[in-house]
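Reader: Got a model I'd like to walk through with you. Can we start with the charged pairs?

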Amino acid sequence: THELNNADRGAGTKGVFCGKQIATGKKGLAYSLRYQSPHKTLTDSEVDKIQQKITKTLREKFGAVLRG
């Protein structure tokens, strides 16, 4: 979306994990995300909304599950 494209400014993989905590045949991936708008300071609500869109897209396209 336009909102997402204007606010996302960086992402990087921090690690790939396997082991007892991760289900067989699955991988744990850790990412670092940076949200930044060129026009203003983003509110917590705006960042939450963007994060929900990212999580939904990853779930729908890859079956990804967000771990806490």
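Author: Sure. First, the rule: a salt bridge here is a side-chain nitrogen of Lys or Arg within 4 Å of a carboxyl oxygen of Asp or Glu. And keep in mind that this is a predicted model.

Reader: How many salt bridges by that rule?

Author: Two salt bridges. One of them joins the side chains of Lys40 and Glu46, with N to O at 2.3 Å.

Reader: How exposed are Lys40 and Glu46?

Author: Lys40 is partly exposed, at 44% relative accessible area. Glu46 is partly exposed too, at 24%. The cut-off for buried is under 20%.

Reader: Why would side chains like that pair up?

Author: Opposite charges can pair when the charged atoms come close.

Reader: And which residue does Glu60 bridge to?

Author: Lys56. The closest N and O atoms are 3.9 Å apart. The limit is 4 Å, so the pair counts.

Reader: Where do Glu60 and Lys56 sit?

Author: Both are in helix H2, residues 44–62. They are four residues apart, so about one helical turn separates them. In general, an α-helix has 3.6 residues a turn, so residues three or four places apart point the same way.

Reader: Is Glu60 buried or exposed?

Author: Exposed, with 56% relative accessible area. Its partner Lys56 counts as partly exposed, at 44%.

Reader: Back to H2. What's its span?

Author: From first C-alpha to last, H2 reaches 26 Å over 19 residues. That is close to the 27 Å expected at 1.5 Å a residue.

Reader: What follows H2?

Author: Gly63, with a positive phi near 70°.

Reader: Zoom out. What's the overall pattern?

Author: Along the sequence it runs α-β-β-α. That is two helices and two strands.

Reader: How much of the protein is buried?

Author: Of its 68 residues, 13% count as buried. The exposed area is about 5800 Å², and carbon and sulfur atoms supply 52% of that.

Reader: Which residues make a nonpolar patch on the surface?

Author: Leu29, Tyr31 and Leu33. Together they have about 300 Å² of accessible area. Leu33 lies in strand E2, residues 28–35. Leu33 is partly exposed, at 38% relative accessibility. Patch residues need over 30%, so Leu33 clears that bar.

Reader: What about contacts between residues 24 or more positions apart?

Author: They account for 40% of the contacts with a separation of 6 or more.

Reader: Now confidence. What's the mean pLDDT?

Author: The mean is 78, and 74% of residues reach 70 or more. H2 has the highest mean among the elements, at 92.

Reader: Which element has the lowest?

Author: Helix H1, residues 2–7, with a mean of 46. Over residues 1–8, pLDDT stays under 50. The model has 17 contacts beyond four places in sequence for that stretch.

Reader: What should I do with coordinates where pLDDT is low?

Author: Where pLDDT is low, predicted coordinates should not be read in detail.

Notes:
Residues are numbered from 1 along each chain as its sequence is written. This is a predicted model: local features need pLDDT of at least 70, side-chain atom pairs count only at pLDDT 80 or more; totals for chains, interfaces and linings use all residues. Side-chain values use heavy atoms; hydrogens and water are left out. Buried means under 20% relative accessible area, exposed over 50%, partly exposed in between (1.4 Å probe, protein chains only). Contact means heavy atoms within 4.5 Å. Accessible areas come from the Shrake-Rupley method with a 1.4 Å probe; for residues, only the protein chains shown count as cover. Patches are made of residues with over 30% relative accessible area and no salt bridge: like charges are joined within 9 Å, nonpolar side chains (Val, Leu, Ile, Met, Phe, Trp, Tyr) within 5 Å. The expected span of a helix is 1.5 Å times one less than its number of residues. pLDDT is the predictor's confidence in each residue, from 0 to 100.
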